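Dear colleague,

Please find below the structure that I am handing over to you. My notes on it follow directly after.

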Amino acid sequence: MTRKTIKVSYLARVEGEGAFSVVVRNGKVTSAELSIFEPPRFFESLLRGRAFSEAPDITARICGICPVAYQMSTVQAMENALGITVTGPLRNLRRLLYCGEWIESHALHIYLLHAPDFLGYAGAIDMARDHGDAVRRGLALKKAGNDIMALLGGREIHPINVRVGGFYRVPHRRELATLAETLKRARELADETLRWVAGFDFPERERDYTFVALTHSEDYPLSEGRIASSRGLDIGVDQYEDYFLETHVARSTALQSRLSDGASYLVGPLARYALNFDRLPPSVRQAAHEAGLGPVCRNPYQSILVRAVEVLFACEEALRIIEAYEAPEQAAIEITPCAGIGHGATEAPRGLLYHRYRLEPDGTIIDAKIVPPTSQNQACIEEDLANFVESFLDLPDEALRHRCEQTVRNYDPCISCATHFLRLDMDRGSP
Amino acid sequence: MKRTFVIGIGNRQRGDDAAGPDVVSRLCGTLPAQVEVVEHGGEMASLLALFEQAAAVYLVDACVSGAPPGTLRRFDVAAAPLPSEMTTVSTHGLGLSEAIEMARTLGQLPARSVVYVIEGQSFEPGASLAPTVAKAVINASRQLRLEILDLDKEKVTDA
């Protein structure tokens, strides 16, 4: 019997610490496991006993790449529990802040983490020797996202200006206008990015995923919406726990989330795009078309293309919000604490991020539940490895191992959020 | 006009990781007006944006290299990369040494680029500086100020 093991002990270019192992017997993959060994951080527990108002600044600390996502799902859930809705300019400012995070997070992943896989480099610094202009473009794009974060969030990482009910301070119209020039340039860079990645060679592999994402009647989803799937699910955010279950698997310190029937599902750019293509502005749809994308993309290796489409969208959306902005009279809605249960879901760059909180009458948090996107994608990542590796077995070991790593990186996994870094074991039997 | 930055990298809430920010706090108000003092989380893209505008950068960071806690070392990174054991403590995979090498590759590394590293002992959330690290912070501040003022470069020993 031939036997092969592919082992990656510390997968680079992912956020966090993890490993994976693929075992092959007689040309068939018999197991593919993603293990996450980052120590759990118990954020849900440390939220208990804290005031509702402290939660956005605590949850922002879960991730240095996507702190806004954590803040946005938190404030939405708290506001749901407290019976208030944030609308108008405050809602739009939150959306603008989220655009900043999408731009900086996607630009980081496209240029510094994922592009080296397609161009055959070990990392971004090696790639920069031959593709300096591209890397400069990526860094300038990321910086534009950082600039939004710094202006609206108070600083580039772990923003400090978001509160339940709105913001601590809202910008004057003229302050936002200073961002417009940066973002016009960023939109050009995003266009160039999409054309650049469209020229990459993509392995032709597809799977019939169950896509899960927020959907919204008017907008491409960022900060709000209903939860929908490509198989007809259409539920309110408060029903999430009726349809999705978290389970513990021994190899991972992160919980794995599945549909209640046990099936895997995919969250993130591919899912958002497939379920909301018609909510993209016509100019962005046209750019996607020119990049070779149809309205649905089932090839996970092309997720880099969809991320580039979303960066273009985020630049356009940010410019639209800045143009229409009139500063609200109050930076936040006044809040009277009350007992309640609140649910929130927003679209982190990596996918759906669900939060639920239960509050005492004085607004103290009794319990908290947080389901990050990487927890939800773990099962899909394992299935991709199991499904695709067989078709790559003719590759030499080093190339095969690299292809496996690329397969994991398709998901821009944020293992830090899900519990941080990856290790691959590939067992393909003896030659 | 190209600028001069003193950049203290680290997280004040993580024990000895506060060494870099503490050094720049001590230097505030003691340097010539044109020298800008920055506290920084260590994120690569935003460090590169600072490098791009600079004629000179002085960076201070905590590290874990196996040396005795509180060891202070100075590296002229314009001349050579940081040694591989200088793994800086960063919340992301792309930190100071990657930022320096990316800047060098892109031709954006300031002609004068100096890194002071202080060996940390404990990076526990909420902890204060270890006494040996606190002493190194004082020494680093003094040496860095002298170097910037160009008064006593000879006393600063290259590692």
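**A buried cysteine and the annotated sites**

A:Cys66 is buried, as 27 other C-beta atoms lie within 10 Å. Please bear in mind throughout that this is a predicted model. A:Cys66 sits in the loop between helix 2 (55-59) and helix 3 (67-82) of chain A.

The UniProt record, an unreviewed entry, gives a "binding site" annotation that covers A:Cys63, A:Cys66 and A:Cys414. These residues span 352 residues in sequence, yet no two of their C-alpha atoms are more than 9.1 Å apart, so they gather at one spot. A:Cys414 belongs to the loop between helix 13 and helix 14 (415-418) of chain A. With 29 other C-beta atoms within 10 Å, A:Cys414 is buried. A "binding site" annotation in the unreviewed UniProt entry also covers A:Cys66 and A:Cys417.

The unreviewed UniProt entry further places the feature "binding site" at A:Glu44, A:Ile370 and A:His420. Two of these residues can be described in more detail, A:Glu44 and A:Ile370. A:Glu44 is part of helix 1 (residues 43-47) of chain A, while A:Ile370 lies in strand 13 (residues 365-371) of chain A. Is A:Glu44 buried or partly exposed? A:Glu44 has 17 other C-beta atoms within 10 Å and is therefore partly exposed, since 20 or more would be needed for a buried residue. A:Ile370, with 21 other C-beta atoms within 10 Å, is buried.

Leaving aside neighbours within four places in sequence, A:Glu44 is in contact with A:Ala368, A:Lys369 and A:Ile370. On the same basis, the contacts of A:Ile370 are A:Phe43, A:Glu44 and A:His355. The two annotated residues A:Glu44 and A:Ile370 are thus in contact with each other.

**Helices of chain A**

Helix 11 (residues 303-324) of chain A has 22 residues, which at 1.5 Å a residue should span 32 Å. The end C-alpha atoms of helix 11 are 31 Å apart, in agreement with that value. Of the 22 residues of helix 11 of chain A, 18 are buried, so this helix is largely enclosed by the rest of the structure.

Helix 12 (residues 373-389) and helix 13 (residues 397-409) of chain A pack at an angle of about 145 degrees, and their axes are 9 Å apart. The crossing of helix 12 and helix 13 of chain A is right-handed. Which residues meet where helix 12 and helix 13 of chain A come into contact? From helix 12 of chain A come A:Ile381, A:Asp384, A:Leu385, A:Phe388 and A:Val389, and from helix 13 of chain A come A:Cys404, A:Thr407 and A:Val408. By class, the residues of this contact are six nonpolar, one polar and one charged.

**Two residues with positive phi**

A:Asn26 has a phi near 50 degrees, which is a positive value in a residue other than glycine. The loop between strand 2 (18-25) and strand 3 (28-36) of chain A holds A:Asn26. A:Asn26 is exposed, with 11 other C-beta atoms within 10 Å.

A:Asp412, also a residue other than glycine, has a positive phi near 45 degrees. A:Asp412 is located in the loop between helix 13 and helix 14 of chain A, where A:Cys414 is also found. A:Asp412 counts as buried, with 29 C-beta neighbours inside 10 Å.

**Chain B and its contact with chain A**

Chain B has four helices and five strands. Along the sequence, these follow the pattern β-α-β-α-β-β-α-β-α. Chain B has 159 residues, of which 46% count as buried. Among the contacts in chain B with a separation of 6 or more, 74% are between residues 24 or more positions apart.

Between the two chains, 15 residues of chain B are in contact with 17 residues of chain A. On the side of chain B that touches chain A, helix 2 (44-52) and helix 3 (96-105) of chain B each supply at least two residues. The residues on that side of chain B divide into six nonpolar, six polar and three charged.

With kind regards

Terms used: Residues are numbered from 1 along each chain as its sequence is written. Chains are lettered from A and ligands numbered from 1 in the order in which they are written. This is a predicted model: local features need pLDDT of at least 70, side-chain atom pairs count only at pLDDT 80 or more; totals for chains, interfaces and linings use all residues. Axes are lines fitted to C-alpha atoms, for helices over the stretch in contact, and angles run from 0 to 180 degrees between N-to-C directions. A crossing is left-handed if the near helix is turned anticlockwise from the far one by less than a right angle, and right-handed if clockwise. Two residues are in contact if their C-beta atoms, placed from the backbone, lie within 7 Å. Ala, Val, Leu, Ile, Met, Phe, Trp, Tyr, Cys and Pro count as nonpolar, Asp, Glu, Lys and Arg as charged, and the others, Gly among them, as polar. UniProt positions are given in the numbering used here, feature names are shortened, and annotations may be inferred rather than shown by experiment. A residue is buried if 20 or more other C-beta atoms lie within 10 Å of its own, exposed if 12 or fewer, and partly exposed in between; C-beta atoms are placed from the backbone. The expected span of a helix is 1.5 Å times one less than its number of residues.
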